[in-house]
Amino acid sequence: MIDNIKKHIAEVEAFTANAQGEVEAFRIKYLGSKGLLKDFFSEFKNVPNEQKKEFGQTINALKKAAEEKVNFLKNSFDTSTDLNSVYGDLTRPGEPFTVGSRHPISVVKNKIIDIFSRIGFNVSEGPEIEDDWHNFTALNLPEYHPARDMQDTFFVEKDPDVLLRTHTSSVQVRYMENNKPPIRTISPGRVYRNEAISARSHCFFHQVEGLYVDKGVSFADLKQTLQYFTTEMFGKSKIRLRPSYFPFTEPSAEVDVYWGLETETDYKMTKGTGWLEIMGCGMVDPNVLTNCGIDANEYSGFAFGMGIDRIALLLHQIPDIRMLSENDIRFLEQFKSSY
Ligand code: PHE
């Protein structure tokens, strides 16, 4: 009997398998609930006393050998299936993957948001299909006001009350209606104007408008904020404000930044003046505050608005605004950036 078990030990040690299934059959043969080891253990009671010790040690040796063999073979199959079927040939050359790029409009927009968020402005958004109140009337542009002609409007169907917003000032109206001062918010978004499409202008483009309403907000605060912005955005801190007109601000101004005349590009960008017009701004007209439910005797505010597309064109020297909406991959993939 003992010799028989020893034969099995030799067999176990010599065993090799080519597939997971063979290992499992081997395991069942020796270690299964009806396996050989079970049979040998049940023989134990029939073995004469003086052989019990050797018999016991021999079965244990068989058990140990069988268990070790099963574990060893199992592991070897585990790793070889992983390598071959999961990873394939680990020595093959790597596959290059292409990284996408942000649209130049998003790059500029994100940079503007980042700059204003550092001085406490949040981001607000509103609908692109607006009503007359939020786009015009609340902004001090009553019906038949001549200034409505400044912004050629797309109407939705024939309803004069439903239109595509012509500026994101409409978002500021909504924001003032729903929030109490202090208000510091910027509103980026797409706007629409019924203009002939050319290299210089499109019927839709993007704006970021800003609004600050609190007690005692002054024109000096506006100027300081703008200067902070141009410094962070363009690295240029010299600005000038030229008197202008917007129905919703009083006084109003155009903001120019001094770009300089160091290179030929500077000459081209600034038409030889060194100055670049970048946005409109002003103190919020008290009528607008009142229209939006804010007490104009207690609060004052400033607002500004700029075109994102125009800034993107300037910064990247893009010759035609239409390129921004054609989605030509050869154009878009030139704008790899961290923003
Ligand atoms: N809403 C104006 C425009 O679209 C820009 C602007 C915003 C001007 C805020 C002044 C103050 O032209």
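User: Which element gives the largest share of the shell around the ligand?

Analyst: That share, three residues, comes from β9; strands are DSSP runs of E of at least two residues, helices runs of H or I of at least four, numbered from the N terminus. This is a predicted model, in which local features need pLDDT of at least 70 and side-chain atom pairs pLDDT 80 or more, whereas totals for chains, interfaces and linings use all residues. Residues are numbered from 1 along each chain as its sequence is written, and side-chain values use heavy atoms, without hydrogens and water.

User: Which residues of the shell come nearest to the ligand?

Analyst: A residue belongs here if one of its heavy atoms lies within 4 Å. Of the 14 residues around the ligand, the nearest are His-167, Ser-169, Arg-193, Gln-207 and Glu-209.

User: Which ligand atom pairs with the side chain of His-167?

Analyst: A polar contact pairs N or O atoms within 3.5 Å. A ligand nitrogen is 3.2 Å from an N or O atom in the His-167 side chain. A ligand oxygen lies 2.9 Å from such an atom of Arg-193, and an oxygen of the ligand is 2.8 Å from one in the side chain of Gln-207. The ligand alone exposes 330 Å², of which the protein buries 92% (Shrake-Rupley areas, 1.4 Å probe). Two or more shell residues come from each of β5 (204–214), β8 (275–284) and β9 (300–307).

User: Which residues of α2 are buried?

Analyst: An α-helix has 3.6 residues a turn, so residues three or four places apart point the same way. In α2, the buried residues (under 20% relative accessible area, 1.4 Å probe, protein chains only) are Val-23, Phe-26 and Tyr-30. Down the axis of α2 they fall within an arc of 60°, so they line one face of the helix; the arc uses directions from the axis to the C-beta atoms.

How values were computed:
Buried means under 20% relative accessible area, exposed over 50%, partly exposed in between (1.4 Å probe, protein chains only). A polar contact is a pair of N or O atoms within 3.5 Å; within protein, one must be able to donate a hydrogen and the other to accept it, and residues adjacent in sequence count only if both atoms are side-chain atoms.
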